[in-house]
Amino acid sequence: MQVAVPCMLMRGGTSKGAYFLASDLPQDTAKRDQALLGIMGSPDKRQIDGVGGAHPLTSKVAIIKKSARPGIDVDYLFVQVMVEEAKVSTSQNCGNILAGVGPFAIENGLVQANDGETVVTVYMENTDSVAKQRILTPGRKVQYHGDARIDGVPGSHAPIMIEFLDVAGSSCGALFPTGNFFDVVNGLKVTMVDNGMPVVMIEAKDLGLQGDESIEALEANTELKKTVEALRLAVGPLMNLGDVKDKTVPKMTIVSAPKAGGILNTRSFIPHRVHDAVGVLAAASVATAANIPGAVGHDIASLPTGQQRVCEVEHPTGTMGVEVVLADDPNDRVPKSTSIMRTARLLFAGTAYYLEK
């Protein structure tokens, strides 16, 4: 039997996903996951029998509901739907898909818009953390057009500023889960950091790379992929993530000296494909570590000055700007807040279907 579910397809940042009201999906987790697999068309490398885009960046889901938490507008659960496996994961957050949560909440009446600008406070269920979004709403309607540009998305759109609150250690229990700015694992010097997304930073030269290799070259490098995956499995328990064999975290990020005026150049495994860009929260984690002496990447980073600094993290299709505000104590290099500018656009509103088995 085909089951109908109201759905909005939205681009959030450099990702695209299906957005749902929690009340419209099965409340049983197993049944919900089966529904999402059916809607997205997984498992199938083309996702031909669903609305997924045949890539991890376009096989994402946001589940949203009005929040009962004090001071919070909506609760947001991110679900990564695997493309070629009948699996879903809620073990991580997604800052790109987050960009569409505020507009979705306004479009669906979960938040009443102001005339001009509306602030939507979002509780991120995956990581038990909070973000504030500033959304342009002239005439009490979401504005999608504008002059803001982000690398990886054609054209320009209305800016959405996202400030992340208390995200440090949200998945791993601490900003640096081992208590060290760097560790040596499998013979490689790495920094394990979690400022909203668990990330492992490795210098390109330690892997025999320049750091500016193409996505295709990295994905074709079988030995590199084996090394990176072995390292990922080894650091999982060290980052308090347990056995990560079937998880999508941590993100393995290769860093090198900047090539285009940013602070660092990056190539990210997410975890088995190479990201066309860099995740929002992954960029926040990279920018945080780069500002700390002793962390991997700090010595080769080109850092701006000042307590409030915009750190551009380079990636294969451009840069991601992270506004970093350092602590008041000059001896404490851990940022007290990070913000990122994203854009979003409503692409489709209607009904999605899945076959109930």
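Let me begin with a definition: a residue is called buried when its relative accessible area is under 20%, exposed when that area is over 50%, and partly exposed in between. The structure before you is a predicted model, and I shall use these three words throughout.

Consider aspartate 206 as a worked case. Its relative accessible area is 32%, and therefore aspartate 206 is partly exposed. This residue forms a salt bridge with lysine 205, and the closest N and O atoms of the pair are 3.3 Å apart. Lysine 205 reaches 57% relative accessibility, so lysine 205 counts as exposed.

That brings us to salt bridges in general. How many salt bridges does a search of the whole structure find? The search finds nine. I should like to show you a group of them. Glu85, Lys87 and Asp246 are linked in a network of salt bridges. Within this network, lysine 87 pairs with glutamate 85, with 3.4 Å between the closest N and O atoms. Lysine 87 has a relative accessibility of 32%, so it counts as partly exposed. Glutamate 85, at 38%, also counts as partly exposed. Lysine 87 forms a salt bridge with aspartate 246 as well, and here the closest N and O atoms are 3.2 Å apart. This second pair links distant parts of the chain, for the two residues are 159 residues apart. Lysine 87 is in the loop between β4 (74-81) and β5 (88-89), while aspartate 246 is in the loop between α5 (222-238) and β12 (251-256).

Let us turn to a charged residue without such a partner. Arginine 267 lies in strand β13, which covers residues 264-269. Is arginine 267 buried or exposed? Arginine 267 is buried, yet it has no salt bridge. The nearest side chain of opposite charge belongs to glutamate 213 and is 5.9 Å away. A salt bridge requires the nitrogen and the carboxyl oxygen to be within 4 Å, so this pair does not qualify. The backbone of glutamate 213 offers another kind of contact: its oxygen lies 2.8 Å from a polar atom of the arginine 267 side chain. Leaving aside residues up to four places away in sequence, arginine 267 touches several others, among them Gly211, Asp212, Leu218, Met252, His315 and Pro316.

Next, a helix. Helix α6, residues 280-290, is mostly covered, and eleven of its eleven residues are buried. Among these buried residues are Val280, Leu281, Ser285, Val286 and Thr288, together with alanines such as Ala282 and Ala290. As a general point, an α-helix has 3.6 residues a turn, so residues three or four places apart point the same way.

One alanine of this helix, alanine 289, serves as a landmark for arginine 333. The C-alpha atoms of these two residues are separated by 9.2 Å, although their positions lie 44 residues apart along the chain. To put it precisely, arginine 333 and alanine 289 are 44 residues apart along the chain. Arginine 333 lies in the loop between β15 (318-325) and β16 (337-342). Its relative accessibility is 25%, so arginine 333 counts as partly exposed. Not counting residues up to four places away in sequence, arginine 333 touches Asn291, Ile292, Pro293, Arg309 and Leu326.

I move now to the surface. Which residues form a nonpolar patch there? Phe181, Phe182 and Val184 do, with about 280 Å² of accessible area together. Phenylalanine 181 lies in the loop between β8 (160-165) and β9 (183-185). With a relative accessible area of 37%, phenylalanine 181 is partly exposed.

Finally, some details of the backbone. The peptide bond from serine 42 to proline 43 is cis, with omega near 5°. Proline 43 is placed in the loop between α1 (29-40) and β3 (60-66). Another cis peptide bond runs from isoleucine 270 to proline 271, with omega near -5°, and proline 271 is found in the loop between β13 and α6.

The loop between α1 and β3 also holds alanine 54. Phi of alanine 54 is near 65°, a positive value in a residue other than glycine. Alanine 54 has 28% relative accessibility and so counts as partly exposed. Asparagine 240 likewise has a positive phi, of about 65°, although it is not a glycine. Asparagine 240 lies in the loop between α5 and β12, and its relative accessible area is 51%, so asparagine 240 is exposed.

Terms used. Residues numbered from 1 in each chain as written. Predicted model: local features only at pLDDT ≥ 70, side-chain atom pairs only at ≥ 80, totals over all residues. Heavy atoms only, no water. Patch = residues over 30% accessible without salt bridge, like charges linked within 9 Å, V, L, I, M, F, W, Y side chains within 5 Å. Areas by Shrake-Rupley, 256 points an atom, 1.4 Å probe, with all protein chains shown as cover. Helix = DSSP H or I, 4+ residues; strand = E, 2+ residues; numbered from the N terminus. Buried < 20%, exposed > 50% of the residue type's maximum accessible area, 1.4 Å probe, protein only. Lys, Arg positive; Asp, Glu negative; His and termini not counted. Polar contact = N/O pair within 3.5 Å; in protein donor to acceptor, adjacent residues only side chain to side chain. Contact = heavy atoms within 4.5 Å.
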